[in-house]
Amino acid sequence: MSRFRAILYGAVAGGFLSLAAVALFGGRFALGAAQATPVRAGSPRAAIEFAASSGGMYLIVVVAGILGGLAVAGLTYAVARESEPDTPKFPLRWQLPIAGLTSGIAAYAMLRAGIGAFADITAGVVTVSVFRFVLIALVAGAVAGAVTAYIVDRLARPDLLGFGGVAWPTTSRELMMAMARSVAIPIVAVVIAGAFAFGLSRVLLEAQGALAVALFSIAGAVVLGGATLLAYRPWER
């Protein structure tokens, strides 16, 4: 299956599942706190808003994201199996934990950003209009579904981890170790880059004038030089 199809199917499925979760959440928890607020003073039009605990909302989003990720992973894998039945793929059970974790994190991040931008949070209580909440949830679900489907589609292919032909893993442990390395290396790189950037920012804030410029130039040269060495690997003939 092409990457575009995987992302499209994942986004559609994620958006649909998010709307279903909103309907369940609204019917079970939010309707009792719904209230009509005039659009402006003296206006006969009113916006429907509801208030909910931010902690409870985020917990529900994470759980719904994990469950939705599992569903999107199953859908993506099934479509890929149907469209490419002869292509070697890793079993779905190896991908479900990654799909659930990815979807939960993506759904939480997107909803948190949307709530922070378009809702009011006071003393741990989120107040948001129903329309905006539905729109935020739809976008969050679509993004989480698209990201999850893309990752599942890529991880289903042995060539992503360097496996092909005789290199096919013989045990589940071998596969999980290779998958952990492929996921852990970028995460470690991001952590190292963030720590370096934070430390450098603190040093530059304390330095002044020519010293700050010199330190920044040296740090930039070290980063570019290290990246060049890693790219060209002169020690490998």
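Ala 142 touches Ala 11, Gly 14 and Gly 15, leaving aside residues up to four places away in sequence. Ala 142 belongs to helix α4, and at 21% relative accessibility it counts as partly exposed, because the buried class ends under 20%. Along the chain, Ala 142 and Leu 8 are 134 residues apart, yet their C-alpha atoms are separated by 9.0 Å. The model described here is a predicted one.

**Overall architecture**

- The protein contains six helices and four strands.
- Read from the N terminus, its elements follow the order α-β-β-α-α-β-β-α-α-α.
- Of the 237 residues in the protein, 30% are buried.
- Among contacts with a separation of 6 or more, 69% join residues that stand 24 or more positions apart.
- The exposed area of the protein is about 14,400 Å², and carbon and sulfur atoms supply 71% of that area.

**Helix α1 and its distant partner**

- Phe 4 is part of helix α1, which covers residues 3-30.
- With a relative accessible area of 61%, Phe 4 is exposed, since the exposed class begins over 50%.
- Phe 4 and Ala 146 are 142 residues apart in sequence, while the distance between their C-alpha atoms is 9.5 Å.

**Helix α2**

- Helix α2 comprises residues 54-83, a run of 30 residues.
- From its first C-alpha to its last, α2 reaches 42 Å, close to the 44 Å expected at 1.5 Å a residue.
- The buried residues of α2 include the glycines Gly 65, Gly 68 and Gly 69.
- Also among the buried residues of α2 are Met 57, Tyr 58, Val 61, Val 72 and Tyr 77.
- In an α-helix there are 3.6 residues a turn, so residues three or four places apart point the same way.

**Helix α3: Thr 102 and Ser 103**

- Thr 102 is located in helix α3, which spans residues 96-118.
- Thr 102 counts as buried because its relative accessibility is 18%, and buried means under 20%.
- A polar atom of the Thr 102 side chain lies 2.8 Å from the backbone oxygen of Ile 98.
- Beyond its neighbours within four places in sequence, Thr 102 is in contact with Val 147, Thr 148 and Ile 151.
- Ser 103 is also in helix α3, and its relative accessible area of 5% makes it buried.
- Not counting residues up to four places away in sequence, Ser 103 touches Gly 65, Gly 68 and Gly 69, together with Ala 144 and Thr 148.
- Those three glycines are listed among the buried residues of α2.

**Helix α4 and the nonpolar patch**

- A nonpolar surface patch of about 630 Å² is formed by Leu 19, Met 110, Phe 131, Leu 135, Leu 138, Val 139, Val 143 and Val 147.
- Helix α4, residues 130-155, gives the largest share of this patch, with six residues.
- Leu 138 is one of the patch residues and lies in helix α4.
- Leu 138 counts as partly exposed because its relative accessibility is 32%, between the 20% and 50% limits.
- Val 147 is likewise a member of the patch, and Val 147 is in contact with Thr 102.

**Helix α5**

- Met 179 has its place in helix α5, which runs over residues 172-206.
- The relative accessibility of Met 179 is 2%, so Met 179 counts as buried.
- Met 179 and Gln 95 are 84 residues apart in sequence, and their C-alpha atoms are 10.0 Å apart in space.

**Helix α6 and the segment after it**

- Helix α6 covers residues 209-232, and its 24 residues should span 34 Å at 1.5 Å a residue.
- The end C-alpha atoms of α6 are 35 Å apart, which agrees with that expectation.
- Helix α6 is hardly covered, with two buried residues among its 24.
- Arg 233 lies in the segment after α6.
- Arg 233 is partly exposed, because its relative accessibility is 38%.
- Although Arg 233 is not a glycine, its phi is positive, about 45 degrees.
- Most residues other than glycine have a negative phi.

Key: Residues numbered from 1 in each chain as written. Predicted model: local features only at pLDDT ≥ 70, side-chain atom pairs only at ≥ 80, totals over all residues. Heavy atoms only, no water. Buried < 20%, exposed > 50% of the residue type's maximum accessible area, 1.4 Å probe, protein only. Contact = heavy atoms within 4.5 Å. Areas by Shrake-Rupley, 256 points an atom, 1.4 Å probe, with all protein chains shown as cover. Expected span 1.5 Å × (residues − 1). Patch = residues over 30% accessible without salt bridge, like charges linked within 9 Å, V, L, I, M, F, W, Y side chains within 5 Å. Salt bridge = Lys/Arg side-chain N within 4 Å of Asp/Glu carboxyl O. Polar contact = N/O pair within 3.5 Å; in protein donor to acceptor, adjacent residues only side chain to side chain.
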